[in-house]
Amino acid sequence: MSKAKYESWQLIVRLLNKILSNLDPLGMSDGILTNFDSCELPTISFHDYLARIRKYIDCSESCFILAFIYIDRALQNNSFLTLSCLNVHRLALAATILAVKYLEDLYSRNIIYAKIGGVTLAELNVLESSMLEMLEYNLYVSPDQFFQYAEELQLQSLKMDEEEQSQETTKDGGSGGMKPLRQIGSTESIKTTFSFSGADEREEW
């Protein structure tokens, strides 16, 4: 079996960056400043931030799929919450830590996770409790729902590859006959796309 082109965290970065590219980068959740919103745009890109989490938090690939499900569930459960460049880093941090604690037998203390995430221990504790509250303290995801999300992430990534290839063909004077990518340019779209009825070695830091 050939190795997957992207790891789970990379699939999540690709999809969320696609959504964020069509949103107001400074947009807040209905004008409401949440615990996840930064006062200014982070200096580290979302890709580099999640790559840092992947590098220093010892966890399985499944944790990133679960974290993505938690972010989507939080968006579905809380109408005031809107994905933006101001909150995606902290949403991903809190969701990943909850996923690690839920799935893994061994995990680190929050003081370590806070250092990795670039926040204080107090801030991380608030983010974690806020995420739990938005998830209505429900961290369970059925196997069917988990695999549906995993498959959909792969599908969306393939569609983005097709769109990029089509754009390159068009630039080169081709007709660009690929089917257009499904519109995923809003938080509402991610809710629709991912609503299902079912449920290595690391370098030491």
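# Exercises on a predicted model

In helix H2, which spans residues 46–56, the buried residues are Phe46, Tyr49, Leu50, Ile53 and Arg54. The structure is a predicted model, and the exercises below start from this helix.

## Exercise 1. The buried side of H2

Task: Find how the buried residues of H2 are arranged around the axis, and which helices they pack against.

Solution.

Step 1. Take the residues listed above: Phe46, Tyr49, Leu50, Ile53 and Arg54. Seen down the axis of H2, these buried residues fall within an arc of 140°, so they line one face of the helix.

Step 2. The spacing along the sequence fits a general rule. An α-helix has 3.6 residues a turn, so residues three or four places apart point the same way.

Step 3. Look at what lies against the buried residues of H2. They pack against helix H1 (8–20), helix H3 (61–77), helix H4 (88–103) and helix H5 (110–117).

Step 4. Take one of these residues by itself. Apart from neighbours within four places in sequence, leucine 50 is in contact with Trp9, Ile12, Val13 and Ala92.

## Exercise 2. The nonpolar core

Task: State which residues of the largest nonpolar core touch the most other members, and which element gives the largest share.

Solution.

Step 1. The largest nonpolar core has 54 residues, and those touching the most other members are Leu16, Leu50, Tyr70, Leu93 and Met131.

Step 2. Two or more residues of this core come from each of H1, H2, H3, H4, H5, helix H6 (121–134) and helix H7 (143–171).

Step 3. H3 gives the largest share, eleven residues.

## Exercise 3. Arginine 54

Task: Arginine 54 lies in helix H2. Decide whether arginine 54 is buried or exposed, and find its salt-bridge partner.

Solution.

Step 1. The cut-off for buried is under 20% relative accessible area. Arginine 54 has 7% relative accessibility, so it counts as buried.

Step 2. The partner is glutamate 61: the two form a salt bridge in which the closest N and O atoms are 3.1 Å apart. In general, side chains of opposite charge can pair when their charged atoms come close.

Step 3. Check the partner. Glutamate 61 has a relative accessible area of 26% and is therefore partly exposed.

Step 4. For the position of arginine 54 relative to another part of the chain, use serine 8. The two residues are 46 apart along the chain, and their C-alpha atoms are separated by 9.9 Å.

## Exercise 4. Salt bridges between H4 and H6

Task: Count the salt bridges in the model, then describe the pairs made by glutamate 123 and glutamate 128.

Solution.

Step 1. The count is three salt bridges. One of them is the pair of arginine 54 and glutamate 61.

Step 2. Glutamate 123 meets arginine 90 in a salt bridge, at 4.0 Å from N to O. Glutamate 123 lies in helix H6 and arginine 90 in helix H4, so this pair ties together parts that are 33 residues apart in sequence. Glutamate 123 is partly exposed, at a relative accessible area of 32%.

Step 3. Glutamate 128 forms a salt bridge with lysine 101, and here the closest N and O atoms are 2.8 Å apart. Glutamate 128 belongs to helix H6 and lysine 101 to helix H4, so the pair ties together parts that are 27 residues apart in sequence.

Step 4. Compare the exposure classes in this last pair. Glutamate 128, at 12% relative accessibility, counts as buried, whereas lysine 101, at 25%, counts as partly exposed.

## Exercise 5. Helix H5 and what follows

Task: Identify the buried residues of H5, their side of the helix and their cover.

Solution.

Step 1. The buried residues of H5 are Asn110, Tyr113, Ala114, Ile116 and Gly117. Their arc around the axis is only 160°, which puts them on the same side of H5.

Step 2. The cover over these residues includes H2, H4 and H6.

Step 3. Just after H5 comes glycine 118, with a positive phi of about 75°.

## Exercise 6. Cysteines without a bond

Task: Explain why cysteine 63 has no disulfide to its closest cysteine sulfur.

Solution.

Step 1. The whole structure holds zero disulfides.

Step 2. A disulfide needs sulfur atoms within 2.5 Å. The closest cysteine sulfur to that of cysteine 63 is in cysteine 59, at 4.3 Å, so it is too far for a bond.

Step 3. Cysteine 63 is buried, with 0% relative accessibility, whereas cysteine 39 is exposed, with 82%.

Conventions:
Residues numbered from 1 in each chain as written. Predicted model: local features only at pLDDT ≥ 70, side-chain atom pairs only at ≥ 80, totals over all residues. Heavy atoms only, no water. Buried < 20%, exposed > 50% of the residue type's maximum accessible area, 1.4 Å probe, protein only. Helix = DSSP H or I, 4+ residues; strand = E, 2+ residues; numbered from the N terminus. Arc of directions from axis to C-beta. Contact = heavy atoms within 4.5 Å. Core = buried A, V, L, I, M, F, W, Y, C linked by side-chain atoms within 4.5 Å. Salt bridge = Lys/Arg side-chain N within 4 Å of Asp/Glu carboxyl O.
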